[in-house]
Amino acid sequence: MSTSSATSIANGNAPSGPMGIFGGTFDPIHYGHLRTAYELLEILRLPEIRFMPAGSPPHRAGTIADNEQRLAMVRAAVIGQPGFTVDDREIRKTSPSYSIETLAELRAEFPERPLCLIIGMDAFLGLPQWHRWRELLHLGHLVVAHRPGWNAPTLGPLGELLVDHGTGTVRELHEQRAGRIYIHAVTQLEISSTDVRALIGAGRDPRYLMPEGVRRIILETGCYARKELGRG
Ligand code: ATP
């Protein structure tokens, strides 16, 4: 059963150009995530970016908001932005979801579309620890959102990977289905979900850190209230 595909086409037309895939815990989603995705949507001329909240398998450190709440917040966050969609396939899984498996599923569903997996530079630097990481580029492109303080590696396996696969040309992300790495600096908003939760737990209002619809869900469900009081 694919509830995710129903979700992903919820905003109307079914685009055919490159699909951006933006995974995260989104506990909660905030403007740091949304601004990053929006800039990439524009710069890379992506017709679609799918927000893909990660699952919270029972044996791993859990999230604070539950799966339904995180999904509802992500859905609320994308309302009104053409091209932003939500894919719930990972959050519906009880087993760990590896990026390689998600990409393989999407590739099977969309044999011709370029797939752009969006990750931060910090995540990119840890890529060699990912499950079957060398196969990722067979299935899609990597788009690395650059955060301050992180430089692209020039040595080692990732340095070599960039020599072979790096590109500064957006057109290549459209013309090829997979195999390129595109690094792009995005405006940094110093917001983190951890800080947002601490702020709410301390009884403060998260207004202007996230869309109003997300804030309303947080206030109505009380999902972060008093669970993570700021320390020191
Ligand atoms: P936490 O504080 O719980 O670690 P987070 O705010 O980093 O959460 P995640 O859901 O873990 O949020 O992040 C999803 C993706 O968004 C990651 O690739 C992360 O690097 C990126 N990201 C998070 N915050 C920002 C931000 N302020 N600006 C740009 N990218 C961000």
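Q: A nonpolar core is a set of buried Ala, Val, Leu, Ile, Met, Phe, Trp, Tyr and Cys residues joined through side-chain atoms within 4.5 Å; which residues have the most contacts inside the largest one in this structure?

A: Buried here means under 20% relative accessible area, exposed means over 50%, and partly exposed lies in between (1.4 Å probe, protein chains only). In this predicted model, local features need pLDDT of at least 70 and side-chain atom pairs count only at pLDDT 80 or more, while totals for chains, interfaces and linings use all residues. Residues are numbered from 1 along each chain as its sequence is written, and side-chain values use heavy atoms, with hydrogens and water left out. The largest nonpolar core has 39 residues, and those with the most contacts inside it are Ile29, Ile49, Phe51 and Met73. Helix α3, residues 67-78, gives the most to this core, with six residues; helices (H or I, at least four residues) and strands (E, at least two) are DSSP runs, numbered from the N terminus. A second, separate core has 22 residues, among them Met19, Leu136, Leu158 and Leu161.

Q: What is isoleucine 49 in contact with, once its neighbours within four places in sequence are left aside?

A: Contact means heavy atoms within 4.5 Å. By that criterion isoleucine 49 reaches Gly20, Phe22, Ala37, Leu40, Leu41, Gly83, Phe84, Thr85 and Ile118.

Q: In what order do the strands of the open sheet lie?

A: As a general idea, strands of a sheet pair through backbone hydrogen bonds, either parallel or antiparallel; the rule used here is that two strands pair if DSSP finds at least two bridges between them. This structure has an open sheet of seven strands in the order β3-β2-β1-β4-β5-β7-β6, with parallel pairing. Strands β3 (84-86) and β6 (166-167) are the edges, each pairing on one side only. Towards one end of that order, β6 pairs with β7 (residues 181-185) in the parallel sense over two bridges, and threonine 167 has tyrosine 182 of β7 as its bridge partner. Helix α2 packs on the sheet, touching β1 (19-24), β2 (48-53), β3, β4 (115-120), β5 (141-146) and β7. The direction of α2 makes about 150 degrees with that of β2, where axes are lines fitted to C-alpha atoms, for helices over the stretch in contact, and angles run from 0 to 180 degrees between N-to-C directions.

Q: Over how many bridges do β5 and β7 pair?

A: These two strands, β5 and β7, pair in the parallel sense over five bridges, and histidine 146 stands opposite alanine 185 in β7.

Q: Which residues of helix α9 are buried?

A: In α9, residues 193-201, the buried ones are Ser193, Val196, Arg197, Leu199, Ile200 and Gly201. Their cover includes α2 (31-43) and α10 (212-221). Just after α9, glycine 203 takes a positive phi of about 90 degrees.

Q: How should salt bridges be read, and how many does the structure hold?

A: In general, side chains of opposite charge can pair when their charged atoms come close; a salt bridge is counted when a side-chain nitrogen of Lys or Arg is within 4 Å of a carboxyl oxygen of Asp or Glu. The structure holds 17 of them. In one, glutamate 135 pairs with arginine 132, the closest N and O atoms being 2.9 Å apart; glutamate 135 is partly exposed at 30% relative accessibility, and arginine 132 is partly exposed at 40%. Another joins arginine 180 and glutamate 172 at 3.3 Å, N to O, with arginine 180 counting as buried at 17%. A further pair is arginine 215 and aspartate 205, 2.8 Å from N to O. This pair links distant parts of the chain, 10 residues apart, with arginine 215 in helix α10 and aspartate 205 in the loop between α9 and α10. Salt bridges that share partners also join Glu48, Arg50, Asp87, Arg89, Lys93, Glu105, Glu109 and Arg113 into one network.

Q: Where is glutamate 90 placed?

A: Glutamate 90 lies in the loop between β3 and α4 (99-109). Glutamate 90 is buried yet has no salt bridge, and the nearest side chain of opposite charge, that of lysine 93, is 6.2 Å away; for this purpose Lys and Arg count as positive and Asp and Glu as negative, whereas His and the chain ends are not counted.
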